[in-house]
Amino acid sequence: MIPKIILGRGERATRRLIGYLYGPGSANEHTDPHLVASWNGFAPDPGRSPHRNPRDVEDQLAAQLDQPVRMLGDKAPTSTVWHCPVRAAPEDPILTDAQWADIARRIVAAAGIAPEGDEEACRWVAVRHADDHIHIAATLVRQDGRRPRRDHDIRAVQREAREIEADLGLRRLNPGDGTAAKRPTSKEHFKARRQGQDATTREILRMRVRRAVAAASTEAEFFALLGATGVTVRPKAGPSGDVLGYSVALPGDLNKHGEPVWFSGSTLAGDLSLPKIRHRLTATSPEPVTARPADPWHQAIAATERIPHHLTHSSAPIAQGQLVALGGALNLLPLTAPALARSELERAAALFERATRSRITADADSARVLRRSVQTILRTPAATRDGAGLAMLLDAALIAVAFAKHWHRTHQHAQQEAAAQQALVHLQTASAQVAVPVLNDLARRTPGNQTTHRYARHLQQAAPDHADRILKDPAWNALATVLADAETAGHNPATLLDQALNQRTLDDARNPARALTWRIHRLGQRHTPGPRAQAAALARSTTRRPTTNPTPASAAAPVAVQQPSHMRRR
């Protein structure tokens, strides 16, 4: 059950609201509008007065609601109308008028509009014009002329809604922490449907602004990227001429006056205001480029692999900064993905966005490497190569998102935990869509039987508990290919297997061979040994397989994090 508070102002604010509630709606969606409850139990009902002109009854109802406000004259508050739609979930049963009336009384009591037993409280009505929701309309002057005490009414009605859900057996929504982005309004949804859009203008703009923030290194680049994606930008300048904020609009999205519908950054989401964007760009500005820049895919994968370690061992601000960077990476990955996986990746990014924000202030500087490496990938089309980099990055992102879910659970961030879980489902689908073609290409180059059998013996010695599962895994041929490629490059395949197996447990892995394939592919490309190392590896391979081979500090593998059993990738 979702209550939403809207304040109204103006001389005719109450009359306009009553007219809307009893009118046909912006898309003729209002059916049988009528009162289910009111402050006194016998307020005039335009929907149940068949022998009177409905407009006259609407005027009468609005006048009675406004009477305490009119009595104050010039001393009346600026905002005089308190409007709260209360909507049930789609899967909830259809409630009776009596049940909605009880819900309305509980909501106005919790908000401080009409505490139970207070006969001098504000005047209010609850109007039902659909099966799944009601609208509560109240005026913000009590009948004794005082102002209602509605401190923190938004949180109060949300808490009451959670109790109503429990009492009536309705779908239980997760409690929020006030950091969620504003939802599209009903009018925005209806407008999107009329225009044949799957998403509202607000959602489209939010996604494009987030992508621009994730891809930009400077403020000027941020605004340039917005323009390049078809967004109209209107900067807000102060008296000094300095830009203080911005608003965005989609070309062709007009109001009834034929003017663009503008959204400020802060109304799209709290972290998309210009001051917040400036802070993030400053905290994560690029470092000087080295003479021999590393492979951006390897950098992004390594940074993503370190996220679980940060979530389990670092401070809360650093962990929050890692989640923000991961969300930025997920926003940009659809731009590098094949068309087949793009939709699932976009959905995963949109869902995970809720998991990137909490009351904890993010340390953005701690995630500089991930942000910079993904930006480099976007700016270097050749870096996309054969799709293996994206497949490996998504494999690492799956683990990071699973740990994000667990981290939010430990911090009692219910909405963020649910968002991470929902994002994980779409990310798993996208990962499979990206990985399968890459694995198939690798499998076509499977080495001969003698080499494959030798690798199988190495595997049985290195991982006796998992060998049978891996050898039966459909991705075994791809694993044998990357082992052969690594051996051709001078690696010892037995040593690589040891290193890959030590990175993370394979317990309960649904695709153990796939997991090992990505690890060895990455290790084989990242740590090609020099001539002396090749000779030493060859000598060792002709005598015995080493049990351990510590990786030098300068080429250390990502920190291994033991996952809780309920979080291991399946």
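Trainee: Where is the place of Ser 217, and what makes the neighbouring elements helices?

Mentor: Ser 217 sits in the loop between α6 (201-215) and α7 (219-228), where helices are DSSP runs of H or I with at least four residues, strands are runs of E with at least two, and both are numbered from the N terminus. This is a predicted model, in which local features need pLDDT of at least 70 and side-chain atom pairs count only at pLDDT 80 or more, while totals for chains, interfaces and linings use all residues. Residues are numbered from 1 along each chain as its sequence is written, and side-chain values use heavy atoms, with hydrogens and water left out.

Trainee: Why does Ser 217 count as buried?

Mentor: Buried means under 20% relative accessible area, exposed over 50%, and partly exposed in between (1.4 Å probe, protein chains only), and Ser 217 has 13% relative accessibility, so it counts as buried.

Trainee: What makes β7 an edge strand?

Mentor: Three strands form an open antiparallel sheet in the order β7-β8-β9. β7 (232-237) and β9 (263-264) each have a single partner strand, so one side of each is left without a neighbour in the sheet.

Trainee: How do you know that β7 and β8 pair?

Mentor: Two strands pair if DSSP finds at least two bridges between them, and six bridges join β7 to the antiparallel strand β8 (residues 243-249). Within this pair, Ala 237 stands opposite Val 243 in β8.

Trainee: Why is helix α20 described as largely enclosed?

Mentor: Ten of the eleven residues of α20 (residues 493-503) are buried, so the rest of the structure largely encloses this helix; among the buried residues are Pro 493, Leu 496 and Gln 503.
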